[in-house]
Amino acid sequence: MNRKYVCLDKNNGKYRFIISPKKSLENARLEFSVMGEQSNYALPIIQATTDNKDLTVEKCSTHTVYLSSLQKNKSFVLDVDIDYSDYCVLEVELYEN
């Protein structure tokens, strides 16, 4: 998976991710974490949305976003609101369900 992200609004915890899966996935999940100097910890997600009409955000749960209908090498934008109001280094992993 290729990915990039940018902070849209630090004070309100808004980030935009651009993700391109390396294979098509009917059901998948993205797990987010904050990378720290000593250890990583789960990133508290409030909500996630996309403007891609072919992709569905099924639900958000703690640090995970569940998606369906990901297409191989087709980038999508995912806007994520987190419960964290400072700049941070984020890590996201894509898993097939």
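Q: Where does Glu31 find a salt-bridge partner?
A: Its partner is Arg29, and the closest N and O atoms of the two are 2.9 Å apart. This is a predicted model, so the distance is a computed one.

Q: And is Glu31 buried or exposed?
A: In between: Glu31 is partly exposed, at 24% relative accessibility. Arg29 is partly exposed too, with a relative accessible area of 22%.

Q: Which residues are joined into one network by shared salt-bridge partners?
A: Lys53, Asp54 and Lys74.

Q: How many salt bridges does the count come to?
A: Six salt bridges. One of them is between Lys14 and Asp81, where the closest N and O atoms are 3.1 Å apart.

Q: What does the Lys14 and Asp81 pair tie together?
A: Lys14 sits in strand E2, residues 14–20, and Asp81 in strand E8, residues 76–82, so the bridge ties together parts that are 67 residues apart in sequence.

Q: Is Asp81 buried or exposed?
A: Asp81 is buried, because its relative accessible area is 13% and the cut-off for buried is under 20%. Lys14, at 31% relative accessibility, counts as partly exposed.

Q: What about Arg16, which residue does that one bridge to?
A: Arg16 forms a salt bridge with Asp79, with 2.6 Å between the closest N and O atoms. This pair also links distant parts of the chain: Arg16 is in strand E2 and Asp79 in strand E8, 63 residues apart.

Q: How accessible are Arg16 and Asp79?
A: Arg16 has a relative accessible area of 32% and is partly exposed. Asp79 is partly exposed as well, with 22%.

Q: Changing topic. How many disulfides does the structure hold?
A: Zero.

Q: Why is Cys7 not in a bond with the closest cysteine?
A: The closest cysteine sulfur belongs to Cys88 and is 7.7 Å from the sulfur of Cys7, which is too far for a bond. A disulfide needs the two sulfur atoms within 2.5 Å.

Q: And from the side of Cys88, which cysteine sulfur is nearest?
A: That of Cys7, 7.7 Å away, and Cys88 is in no disulfide.

Q: Is Cys88 buried or exposed?
A: Cys88 counts as buried, at 14% relative accessibility. Cys7 is partly exposed, at 24%.

Q: Now the fold. How many helices and strands are there?
A: There are zero helices and nine strands in the protein. Read along the sequence, the pattern is β-β-β-β-β-β-β-β-β.

Q: In which sense do E1 and E2 pair?
A: Strand E1, residues 2–9, pairs with E2 in the antiparallel sense, over seven bridges. Asn2 stands opposite Ser20, which is in E2.

Q: What is between the two strands of that hairpin?
A: Four residues lie between E1 and E2, and Gly13 in this hairpin takes a positive phi near 65°.

Q: Which residue other than glycine has a positive phi near 70°?
A: Ser69 has that phi. Most residues other than glycine have a negative phi. Ser69 is found in strand E7, residues 64–70, and is partly exposed, with a relative accessible area of 25%.

Q: And the one with phi near 60°? Which residue is that?
A: Asn73, where the value is again positive in a residue other than glycine. Asn73 lies in the loop between E7 and E8.

Q: Is Asn73 buried or exposed?
A: Asn73 counts as exposed, at 53% relative accessibility.

Q: Last topic, the overall shape. What radius of gyration does the protein have?
A: The protein has 13 Å, which agrees with the value near 13 Å for a compact globule with 97 residues. Along its principal axes, the C-alpha trace spans about 35 × 25 × 20 Å.

Q: What share of the residues counts as buried?
A: Of the 97 residues, 32% count as buried. The accessible surface comes to about 5800 Å², and 42% of it belongs to carbon and sulfur atoms.

Q: What about contacts between residues at least 6 apart in sequence: what percentage join residues at least 24 apart?
A: Among those contacts in the protein, 65% do.

Terms used: Residues are numbered from 1 along each chain as its sequence is written. This is a predicted model: local features need pLDDT of at least 70, side-chain atom pairs count only at pLDDT 80 or more; totals for chains, interfaces and linings use all residues. Side-chain values use heavy atoms; hydrogens and water are left out. A salt bridge is a side-chain nitrogen of Lys or Arg within 4 Å of a carboxyl oxygen of Asp or Glu. Buried means under 20% relative accessible area, exposed over 50%, partly exposed in between (1.4 Å probe, protein chains only). Two strands pair if DSSP finds at least two bridges between them. The radius of gyration is taken over C-alpha atoms; the globule rule is 2.2 Å times the number of residues to the power 0.38. Contact means heavy atoms within 4.5 Å. Accessible areas come from the Shrake-Rupley method with a 1.4 Å probe; for residues, only the protein chains shown count as cover.
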